[in-house]
Amino acid sequence: MAKVLHNILYSYPSMSLINDFKRSELATRWPELEFAAREKLGKETLDKYLTQWRSNEAQLVELKLDYGQLFFGPGDPKAAPWGSIYTSEGQLLNEASTQRLISFYKTHKIELSLSGNEPVDHIGLILAVLQYLLSELAENPDDKIKTRVCIILLQQHLLPWADRCLELAERHAETDFYRGIAVLGRLFFDHLGQKLDIIPKIVKLYR
């Protein structure tokens with residue numbers, strides 16, 4: 001789930017990506033985390049979109065426009081994907097929370113392959129790191145060091161603001177694709193917090 005959410009939230013959608021999601025029946029195959037109305041709503045909303053997907057350019061343009069207004073711009077994204085936008089009073093990039101995440105990555109020798117000089121606290125990038133850590137823990141559940149790193153990443157650097165980001169995405173999405181993904185993403189983060197017994201760091205959110 002972390003990998004899928006990374007692919008969806010980190011960059012603009014491509015024809016091949018959505019085709020793969022439709023072919024693999026992503027909505028119906030999404031793991032059941034809880035038997036709740038919200039989860040059913042998220043899956044049904046995503047499935048509704050993928051069912052009507054016809055692999056045409058007009059649909060892709062519509063989806064790209066939705067991604068842009070939510071996560072990229074032009075202008076101020078409705079669901080800005082960078083942590084410091086939420087955690088800094090000035091709602092700016094590369095603020096104190098970003099620097100703390102950079103320091104955290106350096107301490108634990110986590111390296112990112114970035115295409116440019118972009119903020120590392122993008123929700124999609126953090127999901128890529130989370131995917132790596134969860135994959136390692138799936139192979140070795142008793143790895144206490146990686147468990148601790150995963151918990152700190154979630155507790156201090158992602159969970160304090162990620163739900164707000166996806167709440168805004170759910171509210172402002174103009175397509176059922178991003179609306180459904182926002183619902184399922186919020187449930188995924190909540191599930192991780194419960195499974196790992198995490199109480200997110202309390203921070204003031206400015207958006």
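This report covers a helix pair, one arginine and two cysteines in a predicted model.

Helix α8, spanning residues 123-139, and helix α9, spanning residues 144-172, have axes that come within 10 Å and cross at roughly 145°, and the crossing of the two is left-handed. On the α8 side the contact includes Ile-123, Ile-126, Val-129, Leu-130 and Tyr-132, while on the α9 side the contributors include Val-149, Cys-150, Leu-153, Trp-161 and Cys-165. Sorted by class, the contact of α8 with α9 holds 17 nonpolar, two polar and two charged residues.

Arg-164 is also part of helix α9. When neighbours within four places in sequence are set aside, Arg-164 is in contact with Tyr-86, Arg-171, Leu-205 and Arg-207. The separation between Arg-164 and Gln-91 is 73 residues in sequence and 14 Å in space, taken from C-alpha to C-alpha. The polar pairings of the Arg-164 side chain include the two tabulated here.

| Partner of the Arg-164 side chain | Distance |
|---|---|
| Glu-167, side chain | 3.2 Å |
| Arg-207, backbone oxygen | 2.9 Å |

Two of the residues in the helix contact, Cys-150 and Cys-165, are cysteines. Why does Cys-165 not form a bond with Cys-150? The sulfur of Cys-165 lies 19 Å from that of Cys-150, its closest cysteine sulfur, and this is too far for a bond, given that a disulfide requires sulfur atoms within 2.5 Å. The count of disulfides accordingly comes to zero, and Cys-150 is in none. Cys-150 counts as buried because its relative accessibility is 1%, and Cys-165 counts as buried because its relative accessibility is 0%, the cut-off being under 20%.

Key: Residues are numbered from 1 along each chain as its sequence is written. This is a predicted model: local features need pLDDT of at least 70, side-chain atom pairs count only at pLDDT 80 or more; totals for chains, interfaces and linings use all residues. Side-chain values use heavy atoms; hydrogens and water are left out. Axes are lines fitted to C-alpha atoms, for helices over the stretch in contact, and angles run from 0 to 180 degrees between N-to-C directions. Helices (H or I, at least four residues) and strands (E, at least two) are DSSP runs, numbered from the N terminus. A crossing is left-handed if the near helix is turned anticlockwise from the far one by less than a right angle, and right-handed if clockwise. Contact means heavy atoms within 4.5 Å. Ala, Val, Leu, Ile, Met, Phe, Trp, Tyr, Cys and Pro count as nonpolar, Asp, Glu, Lys and Arg as charged, and the others, Gly among them, as polar. A polar contact is a pair of N or O atoms within 3.5 Å; within protein, one must be able to donate a hydrogen and the other to accept it, and residues adjacent in sequence count only if both atoms are side-chain atoms. Buried means under 20% relative accessible area, exposed over 50%, partly exposed in between (1.4 Å probe, protein chains only).
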